[in-house]
Amino acid sequence: MKKIRVEIILVLLGIICLMTAGVMFYKDSSTISSIALETQNVPSNETTSTPEITSSPTDTPSIEPTIKPTEKPTEEPTKEPTATPEPTPSHTTYKEGSYKIGTDMPEGEYKLFAKSTLLGFSYFEVTKDSSGELSSIISNDNFYNFTYITVYEGQYLNFSDAIAIPSDEAPVYEIVDGKYISGMYKVGVDIPAGEYKVISDSDSYGYFERNSNSEHSLYRIIANDNFENNKYVTINEGEYFTLSNAYINVE
């Protein structure tokens with residue numbers, strides 16, 4: 001009888017345990033259900049912030065400057081030096097020597113320019129032939145600085161320490177240090193016509209001469225004189241006026 005009671009008690013205890021476990025399970029299930037419902041009832045206007053994905057900065061590749069290749073300069077071919085040409089004179093020039101008029105040089109009037117010489121003067125001579133005899137001389141003279149001479153076909157012109165230029169190409173006299181110096185002047189070309197005070201160049205005598213042309217013939221002399229100190233002379237257009245060891249001051 002005791003054994004049966006014990007078994008009944010054990011059965012009852014088992015039942016009680018099962019009931020208790022059921023109640024607890026039901027309670028837990030209700031709790032889970034309520035939580036699920038609350039989750040479903042969360043308002044949908046709340047947006048879930050999407051986490052920004054921060055990208056790690058990439059290193060910007062540095063652009064190296066492109067170096068343009070230097071062009072190699074083109075070397076010009078070296079030109080061989082050429083000789084400097086001598087300037088062409090602006091007038092016809094005859095060097096010192098002997099000339100046959102009509103063959104070596106045309107007839108006409110020439111202006112002779114003296115070179116620097118030890119004697120201080122130059123020389124010219126006009127002859128009728130080439131014999132070299134004194135009797136063949138038509139005219140001759142020693143001159144300073146410059147002179148004029150007219151020659152004709154068939155004659156011979158000899159000059160030394162000088163050059164000859166056709167008178168229409170020859171340079172006109174330019175005043176030197178305010179003076180007309182020793183030489184032969186073409187009046188109206190190298191010196192104006194008029195009256196001049198001619199002054200001796202030193203303690204020695206000075207000389208002047210007026211000619212009707214430039215043939216240097218005794219028959220063409222208009223007036224001449226050796227003088228001391230000074231002398232007044234009047235010259236006219238077209239004449240040839242010679243000064244030797246004398247000068248004229250230009251005021």
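## A tour from E109 to the pockets and the open sheet

Start by selecting E109 and S214, whose side chains are joined by a polar contact of 2.7 Å. The model on screen is a predicted one, and every distance and area given along the way is computed from it. Keep E109 selected and add Y240, because the side chains of E109 and Y240 are likewise joined by a polar contact, here of 2.5 Å, and E109 itself is buried, with a relative accessible area of 16%. The cut-off behind that word is a relative accessible area under 20%.

Colour strand β2, residues 108–114, to see the element in which E109 is placed. Then show what surrounds the residue: with its neighbours within four places in sequence left aside, E109 is in contact with Y148, I149, T150, P166, S167, K186, S214 and Y240.

From Y240, move to R220, which lies 20 residues away along the chain and has its C-alpha atom 10.0 Å from that of Y240. R220 sits in the loop between β11 and β12, the latter spanning 221–227. Is R220 buried, partly exposed or exposed? Its relative accessibility is 34%, so R220 counts as partly exposed. Display the side chains of R220 and E215 together, and a polar contact of 3.4 Å between them comes into view. Apart from neighbours within four places in sequence, the residues in contact with R220 are R210, N211, S212, N213 and E215.

Next, bring up the largest pocket, which has a volume of about 430 Å³. Which residues, of the 21 that line the largest pocket, are the closest to its centre? Select N140, D141, Y207, E209 and H216 to find them. To see the lining by element, colour β4 (137–143), β5 (146–151), β9 (183–186), β11 (206–211) and β14 (240–244), which are the elements that give two or more residues to it. The largest share, six residues, comes from β4. If you colour the lining of this pocket by residue class instead, it divides into nine nonpolar, 10 polar and two charged residues.

Turn now to the second largest pocket, where about 190 Å³ of space lies. Its lining can be selected in full as E195, Y196, K197, I199, Y232, I248, N249, V250 and E251. Two strands, β10 (194–200) and β15 (246–249), each supply at least two of these lining residues, and β10 gives the most, with four. By class, the lining of the second largest pocket divides into five nonpolar residues, one polar residue and three charged residues.

The strands β10 and β15 lead on to the last stop, an open sheet of four strands in the order β8-β15-β10-β13, with antiparallel pairing. Which strands stand at the edges of the sheet? They are β8 (179–180) and β13 (230–235), each of which has a single partner strand, so one side of each is left without a neighbour in the sheet.

Follow β10 across to β13 first: the two run antiparallel and are joined by six bridges. Along this pairing, V198 stands opposite K231 in β13, while the bridge partner of Y196 in β13 is V233. On the pairing of β10 with β15, which is also antiparallel, three bridges join the strands, and there I199 has Y247 of β15 as its bridge partner. Finish with Y196 and I199 selected once more, since both appear in the lining of the second largest pocket.

Terms used. Residues numbered from 1 in each chain as written. Predicted model: local features only at pLDDT ≥ 70, side-chain atom pairs only at ≥ 80, totals over all residues. Heavy atoms only, no water. 1 Å grid on protein atoms, 1.4 Å probe; cavity = no way out; pocket = protein on both sides within 12 Å on 5 of 7 lines; lining within 4 Å. Points joined across faces, edges and corners; volume = space filled by probe spheres on them. Nonpolar A, V, L, I, M, F, W, Y, C, P; charged D, E, K, R; others polar. Buried < 20%, exposed > 50% of the residue type's maximum accessible area, 1.4 Å probe, protein only. Polar contact = N/O pair within 3.5 Å; in protein donor to acceptor, adjacent residues only side chain to side chain. Contact = heavy atoms within 4.5 Å. Pairing = 2+ DSSP bridges.
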